[in-house]
Amino acid sequence: MNRFKTSKFKNTAPKIAKKDEWINNVRAGSFSCQGNHIKASSKLVAFNTEQAGGGMLGLSSVKPGPDGQWTVTHISCHSDLMTDMDFSPFDESLLATCSGDETVKLWHLCDPELEQPSEPELTLRPGQGRLELVVFHPTSSGLLAVSTAKSPLIWDTSRQDAPLAVLEQHSDLLQSLSWKQDGSLLASSCKDKMLRVFDPRAQLTPVQSAKSLQSNKDSRILWAKDDRLLTTGFDMMRTREVKLWDSRKLSSSVSSVSLGTSSGTLIPLFDDDTGLLILAGMGDTAVDCFEVSASEPFLSQVSHCLTDVSTRGVAMIPKLALDVMSCEVMRLLQLTDNCIVPISYQVPRKNSGQEFHADLYPDTVGTTPAMSADEWWQGGNKQMEKVSLQPGKQPKPKAPSANKTPAKKELASRGSKEDPAHGCSTSSSPLSTPSTSAAPSRSPSSTSGLSSGFLPSPSPSQNAKTIQSLLGPTSKFRHIQGAVMHRDTHITNIRGLNLTTPGESDGFCVNRQRVAVPLAISGGQIGIFERSQPGRLPETAFPTIQNSVNVSDLCWDPFNTHRLAVAGDDAKIRVWQLPEGGLKETLTEPDLILQGHLEKIYSIKFHPVASGLLVSSSYDFTVRLWNLDSREQVKLLTGHEDQVFGMAWSPDGKLLATVCKDGKVRIYDPRKSTSPVHEGPGPEGHRGARVVWVCEGKYLLVSGFDSRSERVLYLYSADSLSSGVVASVPVDVSPSTLIPFYDPDTSVVILTGKGDTRVHIYEIVPESPYFVDCSSFNSPEPHKGLAFLPKTECNVRDVEIAVGLMLTKTTIEPVAFKVPRVKKEFFQDDLYPDTAVCWEPALTASAWLSGSNGQHRKISLKPNDMTPVSEAPKEAPVRKYLPSSFYLEEKTDEQKKEELLSAMVAKLGNMDDPLPQESFEGVDEDEWDD
């Protein structure tokens, strides 16, 4: 409710039914499952009962029988606990149930007074363990979302052998599922505190996800208006709360309301027509009503209803069953231990009971499916037709077919579409035939080119606007996939890993040949592991570098795979030269020691273009430049007033950027001045930060924290630092600093922090919106660091755009980041521009210091035996259907006559063929005499 605009529903009042209007003879009980325990259609009410171990379904009606009483009957549905149920939005008698017995069953139910079916209309057997949730699709007939303990499945009920799609497995128990009102997206909440939004037709992984929930206790999720999501759950203090989210930005909520401390799950129910939200807690005697608005305040309380008995579940009656003449805008059914209590929400009006108040009842969705499951799966985005709630204009109840039950009719309707003009069904899909083969799953690679995450809709312009509003601009890397490589490539059994390196250090470093890892062994030892020798390390001691003091940072020379620079706690930099072939024995004497800093050094970086140049930062608030060839300090950069969090050389090696704890971002030109040439405001938080140059050196990307300790990415223009942030995007909440890796060829930045399990990926573009969110990668356990290899280590045949090494407690595991493509036999030249030869220096240290500049030469990554995809032969489009002119062409009487005669002749067969009786044996003449 807007404070300056009166809401029509602000005075909506709950009215608990009298006890003689309650549905009695109910034995609900309490069960451990994720469902709401009760669901209602316009005619029937289904609920969990404690009989038969929870496998029995209770059934009653919304309206009382002819005698004014409600009949309650029971149906034996499952051999184990029935975990969830849902009525079809298109058939008021069709109910889907799922259970711990690993089955989904569809039932066509009768009125409670009649005999109920003993067998289901259909049984689905995913075979993936206990099932937790089942939800009908809101616009397509015969389509279900079913969840196992950790995986959502999309199931077409006319294809019983396999689901259409098996979505990405969650890392913990899946707690809630919700379809968006238009049926395009599916949202989930999980015990791992993550919110995920899936587009099942485009990819199996989430199009949006974030670790948004604060507690792993039971949560629920629902779609609200304007691409908003509603969640209920618990905060870190176990206080129940409801939050409103923008589905395009799940990292932070739009609004939240706390509802006190209680252990019961908070069940949300949302009415899309009025914007009213119902919140009922399991075990509570209170039901709260809020109004959800598109502007501040987003959540406004309307009423607080106290009931006589505790809640075991709650359901909402469909709009078509409401008493609109009494201004009833919503009706709930509260499931308790022994009865079902109706609660009516009415808006007080002067002429209530006499007039229809159209302003309270906008047209609502009808009960005719907008399309079949196959049409939706093929990319259809048709929306439900809306109907009026005004008496006399409401749609009449559908009469069941004489030769087909309504349940079977809906299940079979996936291959037909309703003709609104004539009310008949015409076949429109070959999938309606029994011979159709099912597609067991959907591969993300099969949707290559749909980088927005959505299939094309019938209206291209409307679809483009939808994509733009939901997920921003398109990106070739939106569906990037990270995967840990085969175990044969891992280095395992690493013991004594040093986990206390400063936050300014990456924790370890890699080059094309070997990995350097600090060890928690006295003497500041460093383990050197050859990438060419993966496998389990021996239990015995192995050769190391003895740095003599604790390691604070280390870095390989980009132009010499045998030279390693190590910064220590004693304010010295030791440069080590490894022998050819790797480390065979313990090294104790460095090749070079650089000394000049007055305090502990915490970060060092080699120059990207010139050989033999190294920059270091220290707690003495200075940045020093070293020439390894002359073994001396050549520059001393000043101007920092506190600890330097991070440094980065520009791609051409001319400038050096720093981000400091004093809240400033600075750019130095070391050859011209020891003071910064540009300076601007940095991140507000003081927990740590990193900086990297992006977009060909035109921008600076800084990962840091805001004033609320939330991790944020900031983008600055390198030419106008003083103007402040150009764009920013919040990421999540975590104590570790995000360490960025930027690929200049693709403009993709990959970020993760020490101790994280999630790797965030963005494409950086030099214009609004600047950040394009891509699919993230989740590691099975917290990692201690992620370092990347040169571009030449990528397998272009498998469309790898980046390969990194992930350090865990005991292993080093290669991780490949791939872009799903269909035509992998071709070289994807749109993803692989010529790359810089960054392992060869462009000039020497002395040449650079004297003012010379250089740049790396570039090479193509295309193998000789591969053809670029831009030169691939164009495939002629296959026409699925004949042109409309074929069907619309008017035939003459002669043509019709000829076709009819041809069909008759074909049916009769060839007249020259012998008749069957001609082959029968005759009877001899003498046999007739008998």
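Which residues lie nearest the centre of the second largest cavity? Keep that in mind; the tour comes to it after a look at the whole chain.

**The whole chain**

Start with everything shown. This is a predicted model. The chain has 930 residues, and 54% of them count as buried. Colour by secondary structure: there are six helices and 69 strands. Turn on the surface. Its accessible area comes to about 41600 Å², with 49% belonging to carbon and sulfur atoms. Now think about contacts between residues at least 6 apart in sequence: 54% of them join residues at least 24 apart.

**The second largest cavity**

Select Leu213, Thr232, Gly233, Phe234 and Glu241. Here is the reply to the opening question: these residues lie nearest the centre of the second largest cavity, out of 13 that line it. The space inside is about 70 Å³. Next, show strands β20 (228-234) and β21 (239-246), each of which supplies at least two lining residues. β20 gives the largest share, four residues. Colour the lining by class: two residues are nonpolar, seven polar and four charged.

**The largest cavity**

How many cavities of 30 Å³ or more are there? The count comes to six. The largest holds about 100 Å³ of space. To find it, select Glu168, then the run Thr205, Pro206, Val207, Gln208 and Ser209. Add Arg758, along with Asp773, Cys774, Ser775, Ser776 and Asn778. Together these residues line the largest cavity. By class, three are nonpolar, six polar and three charged.

**The largest nonpolar core**

Move to Ile278, Val287, Val329, Met330, Leu332, Tyr345 and Tyr361. Of the 28 residues in the largest nonpolar core, these touch the most other members. Now show the strands around them. β23 (266-271), β24 (276-281) and β25 (286-292) each supply at least two residues of this core. So do β26 (299-306), β28 (328-335) and β29 (340-346).

Stop at valine 287. What is it in contact with, leaving aside neighbours within four places in sequence? Select Ile278, Leu279 and Ala280, then Ser303, His304, Cys305 and Thr307. Finish with Leu332, Ile343 and Tyr345; valine 287 is in contact with each residue in these selections.

A second, separate core has 23 residues. To locate it, select Val748, Ile761, Val799 and Val815, which are among its members.

**Threonine 492**

Go to strand β36 (residues 491-492), where threonine 492 lies. Is this threonine buried or exposed? Threonine 492 counts as buried because its relative accessibility is 10%, and the cut-off for buried is under 20%. Now show its partners, skipping neighbours within four places in sequence. Threonine 492 is in contact with Arg487, Gly535, Arg536 and Leu537. Thr810 and Thr811 are also in contact with threonine 492.

**Leucine 849**

The last stop is helix α4 (residues 845-849), which holds leucine 849. Leucine 849 has 26% relative accessibility, so it counts as partly exposed; that class runs between 20% and 50%. Select Leu613, Leu625, Asn627, Val634 and Arg671, the residues that leucine 849 touches when those up to four places away in sequence are not counted. Then set a distance from leucine 849 to arginine 671, C-alpha to C-alpha: these residues are 6.5 Å apart in space and 178 residues apart in sequence.

Technical notes: Residues are numbered from 1 along each chain as its sequence is written. This is a predicted model: local features need pLDDT of at least 70, side-chain atom pairs count only at pLDDT 80 or more; totals for chains, interfaces and linings use all residues. Side-chain values use heavy atoms; hydrogens and water are left out. On a 1 Å grid over the protein atoms alone, a cavity is a set of points where a 1.4 Å probe fits but cannot get out, and a pocket is an open set with protein on both sides within 12 Å along at least five of seven lines; lining residues have an atom within 4 Å of a point. Grid points are joined across faces, edges and corners, and a volume is the space filled by probe spheres set on the points. Ala, Val, Leu, Ile, Met, Phe, Trp, Tyr, Cys and Pro count as nonpolar, Asp, Glu, Lys and Arg as charged, and the others, Gly among them, as polar. Buried means under 20% relative accessible area, exposed over 50%, partly exposed in between (1.4 Å probe, protein chains only). Contact means heavy atoms within 4.5 Å. Accessible areas come from the Shrake-Rupley method with a 1.4 Å probe; for residues, only the protein chains shown count as cover. A nonpolar core is a set of buried Ala, Val, Leu, Ile, Met, Phe, Trp, Tyr and Cys residues joined through side-chain atoms within 4.5 Å.
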